[in-house]
Amino acid sequence: MKPTLVVGVDGSPESRAAADWAAREAVRRDMHVHVVHAWLWQPLAVAVVQDRETEERRAREILQETEAELGHRHPQLSLSVEVVADVPVPALLRAAKDAEMLVLGTRGHGALAGFLLGSYGQQLIASAECPVVSVRARGGKPVLGGAEGEVVVGQQGGVEESARVLGFAFEAAAVRGVPLRAVRAWSLPPVYGSSPGSMWIAEQFGGLEPFEKAALDQALEPWRPRFPEVEVVAHVERGSAGHVLLSEASDAQLVVVGRRVGESPVGTRIGSVAHAVLHHSACPVAVVPHH
């Protein structure tokens with residue numbers, strides 16, 4: 001059995017673009033694509049005309065159209081399609097439970113409410129056990145970024161915390177045959193927040209920036225011998241992590257970020273860096289859970 005990549009579709013140009021990106025990625029990685037359309041008949045308690053048979057037929061047509069398009073563009077693709085009788089979030093989370101990644105379309109720059117699945121996008125990114133890739137669309141086609149661009153990954157924390165993020169990024173660079181740019185941003189600690197112990201550790205490296213460079217090199221070290229064919233560019237810069245990462249990814253073809261999940265009064269948050277990159281990146285963004 002090939003590893004599986006799941007893509008959610010709803011018939012929109014954005015979802016067709018996501019399906020096309022998913023097919024391209026699956027061909028690169030020799031994966032199987034499973035296309036899911038979540039549809040559940042829910043009669044409205046209002047006096048409007050509703051036709052279950054018509055809506056059900058349209059759900060099947062969405063998958064048939066997607067299957068035909070992908071089969072035509074990627075004849076070597078291993079592909080399956082499924083209509084799931086459920087609302088989108090649980091349907092896609094269940095479909096992607098054992099998948100290598102989940103792919104969603106997004107309607108361009110703006111709030112996460114603009115994702116393919118509306119306000120469900122943030123829930124999926126925050127809750128999926130696998131990496132979730134957000135794909136922008138223009139004219140019904142995926143916005144791919146620079147054709148020869150690098151894969152850019154944001155590295156935060158220590159070796160163990162960033163291992164899954166870096167592993168995904170190294171593999172993405174390897175299958176594309178492009179360099180990997182690993183980016184670590186740092187800022188001065190608050191005057192009252194820097195402990196004597198942390199400042200002593202930094203001083204052993206000759207200052208905070210050399211300390212950050214050493215931390216990035218240490219995180220990359222286990223992956224270099226596993227992917228010797230991948231050229232690695234290590235970039236450390238003082239500044240906001242989101243701003244630094246977006247600046248370095250201006251010509252990238254894929255940006256990879258980690259996911260830190262937190263709770264807020266209005267729902268689940270995915271972390272400020274992932275949030276910023278999802279809003280403003282011009283190319284596909286892969287959000288990888290740290291755990």
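Select His-74 to begin: this residue is buried, with a relative accessible area of 11%. The model is predicted, and His-74 sits in the loop that connects helix H2 (52–73) to strand E3. Display its surroundings beyond four places in sequence, and the residues that His-74 touches are Asp-20, Ala-23, Arg-24 and Val-27.

Next, select helix H1, residues 13–29, which carries the chain from strand E1 to strand E2. In the loop between H1 and E2 lies Asp-30. Inspect the backbone there: Asp-30 is not a glycine, yet its phi is positive, at about 55 degrees. Is Asp-30 buried or exposed? Neither term applies, because its relative accessibility of 46% makes Asp-30 partly exposed.

**The strands E1, E2, E3 and E4**

Move on to strand E2, residues 32–38. Seven of its seven residues are buried, and the strand is mostly covered. Colour the side chains by direction: His-32, His-34, Val-36 and Ala-38 point one way, while Val-33, Val-35 and His-37 point the other way. In a regular strand, side chains alternate between the two faces of the sheet.

Add strand E1, residues 4–8, to the selection. E1 pairs with E2 in the parallel sense, over five bridges. Two positions help to align the view: Val-6 is opposite His-34 in E2, and Gly-8 is opposite Val-36 in E2. Following the chain from E1 through H1 to E2 traces a β-α-β crossover that is right-handed. E1 is largely enclosed by the rest of the structure, because four of its five residues are buried.

Now show strand E3, residues 78–84. E3 and E2 run parallel and are joined by seven bridges. Val-36 is a useful residue to centre on here, since Glu-82 of E3 stands opposite Val-36, and Gly-8 of E1 also stands opposite Val-36.

Strand E4, residues 101–106, completes this part of the tour. E1 and E4 pair over three bridges, again in the parallel sense. Val-6 has Leu-102 as its bridge partner in E4, and Val-6 faces His-34 in E2.

**Helix H9 and its neighbours**

Select helix H9, residues 272–280. Which residues of H9 are buried? They are Val-273, Ala-274, Val-277, Leu-278 and His-279. Residues three or four places apart in an α-helix point the same way, because there are 3.6 residues a turn. Extend the selection to what these buried residues pack against: helix H4 (120–127), strand E5 (132–138), helix H8 (241–248), strand E10 (254–259) and strand E13 (285–289).

**Cavities and a pocket**

Keep Val-273 displayed and turn to the enclosed spaces. The structure holds three cavities of 30 Å³ or more, and the largest has a volume of about 130 Å³. Its lining consists of 14 residues; those nearest the centre are Gly-154, Gln-155, Gln-156, Val-183 and Val-273. Strand E8 (180–186), H8 and E10 are the elements that each give two or more residues to this lining. E8 provides the largest share, three residues.

For the second largest pocket, select Pro-3, Arg-29, Met-31, Ala-99, Glu-100, Met-101, Pro-131, Arg-164, Phe-168, Glu-171 and Val-288, which line it. The space in this pocket is about 160 Å³. Which element gives the most to the lining of the second largest pocket? Helix H5, residues 163–176, does so, with three residues.

**Confidence**

Finally, colour the model by pLDDT. The average for the protein is 83, and 79% of the residues score at least 70. Select residues 41–50, where pLDDT stays under 50; the model has eight contacts for this stretch beyond four places in sequence. Then select residues 108–118, where the pLDDT is also below 50; this stretch has 37 contacts in the model beyond near neighbours in sequence.

Definitions and conventions: Residues numbered from 1 in each chain as written. Predicted model: local features only at pLDDT ≥ 70, side-chain atom pairs only at ≥ 80, totals over all residues. Heavy atoms only, no water. Buried < 20%, exposed > 50% of the residue type's maximum accessible area, 1.4 Å probe, protein only. Contact = heavy atoms within 4.5 Å. Pairing = 2+ DSSP bridges. Right-handed = clockwise from strand over helix to strand, strands pointing away. pLDDT = per-residue confidence, 0-100. 1 Å grid on protein atoms, 1.4 Å probe; cavity = no way out; pocket = protein on both sides within 12 Å on 5 of 7 lines; lining within 4 Å. Points joined across faces, edges and corners; volume = space filled by probe spheres on them.
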